[in-house]
Number of protein chains: 2
Amino acid sequence: MSDTPFLGVLGGMGPLASAQFMLRLTLLTPAARDQDHLPALLWSDPRVPDRTAARLGGGEDPLPWLVRGIRGLEAAGCGAIAIPCNTAHGWFDGMAAATSLPILHIVDAAAEDLLRQGIAGGRIGVMGTAGTLAMRLYQERLDQRGYECIVPDPAEMEALVSPGIALVKANRVAEAYAPLAEAARNLRNRGAAAVVLGCTEIPLGIQAGPQAEIGLPLVDTIDALALAALRWAGR
Amino acid sequence: MSDTPFLGVLGGMGPLASAQFMLRLTLLTPAARDQDHLPALLWSDPRVPDRTAARLGGGEDPLPWLVRGIRGLEAAGCGAIAIPCNTAHGWFDGMAAATSLPILHIVDAAAEDLLRQGIAGGRIGVMGTAGTLAMRLYQERLDQRGYECIVPDPAEMEALVSPGIALVKANRVAEAYAPLAEAARNLRNRGAAAVVLGCTEIPLGIQAGPQAEIGLPLVDTIDALALAALRWAGR
């Protein structure tokens, strides 16, 4: 029995996004039969306390829940961890300190996807949870790579982005399209050359409607992370 | 930190079907936010030896791989096991003997779905792998419940069903529609009142085309198993 390490996926944040991650990981793998695909373990624990509430509103600390999942994946024989939740990366250092496994960083994966799409600099729109934007997870890492980040303003966050994300978490993906697409178009109108969908719920909402009408390149952070995982696995 | 048991999902057979199971489990859950969803662990090991080849052609025995996954899920704290692969249920007794956890049987889940769709008896078409049909996994359990099962003939298996399943496992879902839909229509023409898609690759192929044109009720064994899992969890 082969001892190839599994890819560990710390998910459930939200559960639809991590299921979609598994689907896209599979579809993006060059494979002719089951046995060509990557072994992977998905730890889907949707009970992890809300990351944005913890950062902005003094809600329960998610770190013990995140570490519990990482240790579970480590104990089961995983060789690396992917976390299809952007906001959870605000606790990246705490998670990395709790394991000897490499954790693939979703912002680095998104940056690689910008390059893959031929966008090496300039103004980039970033959509994400209020927690992700307040923690400046994208702004700092993309600025270092020579991009200029712009984000929705507080009124757009309240009226469009945060409700769109909440609709996906409540399984109402079709209704999430209109507010999320409007926020993306607003970033385009402010001069963005591309928009990073920096919350894994956002691509699910955007794909539920006419994605092409947004009219500029989009970085799907679910796909970007799946491609980074395939690179880790040498595929 | 809550000790609610996780649903254990023994998957990877194929990996697209088990990812779709996680997606449908999420979408079928009444939930308004992440924390309302079910905690679940997916053990996706696509390296499990081919089940049909093992049963029909003397290929490597998959049971040690299946038991390894079940023990991994048990060790991680799962409270029940769902296996979104019909053919793997040919090793049900061996798996059940290796764990004290309940294993939800996919054929029972499909039978419950027939009743849910108002079909309490009569002629039922069953599509599945050559292994599933040869092991009579559906025929015996559905006959006991008062149904009469009909299955594709050997020429249809060779020309339509087996190639359709293989196309899904190779990520070629769109091409899988035509042969799988033709096999389903042939069962309808032989008098089936409904067709059980008794291989978890088949609904993926059927959904990649105009499913409604098949013209009779279908039992999606991915959805049926997800609904059985939600019932186990009291949702």
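**Exercise 1. Find what A:R47 lies over in chain B, and what the charged end of A:R55 sits over.**

Start with A:R47: it lies over the face of B:F6, 5.3 Å from the ring centre. The cut-off here is NZ of Lys or CZ of Arg within 6 Å of the ring centre and within 35 degrees of the ring normal. Next, the charged end of A:R55 is over the ring of A:W91, at 4.6 Å from its centre.

A quick note before going on: this is a predicted model, where local features need pLDDT of at least 70, side-chain atom pairs count only at pLDDT 80 or more, and totals for chains, interfaces and linings use all residues. Residues are numbered from 1 along each chain as its sequence is written, chains are lettered from A and ligands numbered from 1 in the order in which they are written, and side-chain values use heavy atoms, with hydrogens and water left out.

**Exercise 2. Work out how many disulfides the structure holds, and check B:C85 and B:C149.**

Step one: a disulfide needs a pair of cysteine sulfur atoms within 2.5 Å, and searching the whole structure turns up zero over all chains. Step two: for B:C85, the nearest cysteine sulfur belongs to B:C199, 6.9 Å away. B:C85 counts as buried because its relative accessibility is 4%; buried means under 20% relative accessible area, exposed over 50%, partly exposed in between (1.4 Å probe, protein chains only). Step three: B:C149 is in no disulfide either, with the sulfur of B:C199 nearest at 16 Å. B:C149 is buried too, since its relative accessibility is 17%.

**Exercise 3. Describe how strand 2 of chain A is covered and paired.**

Strands (E, at least two residues) and helices (H or I, at least four) are DSSP runs, numbered from the N terminus. Strand 2 of chain A spans residues 40-44, and five of its five residues are buried. Now split the side chains: A:A40, A:L42 and A:S44 point one way, A:L41 and A:W43 the other. For partners, look at strand 1 (residues 6-11) of chain A, which pairs with strand 2 in the parallel sense over five bridges; pairing takes at least two DSSP bridges. Within strand 2, A:S44 is the bridge partner of A:G11.

**Exercise 4. Place A:N171 and list what it touches.**

First, A:N171 is in the loop between helix 8 (154-169) and helix 9 (173-189) of chain A. Then, A:N171 is classed as buried because its relative accessibility is 17%. Finally, leaving out residues up to four places away in sequence, A:N171 touches A:L16, B:T26, B:L27, B:T29 and B:H37, where contact means heavy atoms within 4.5 Å.
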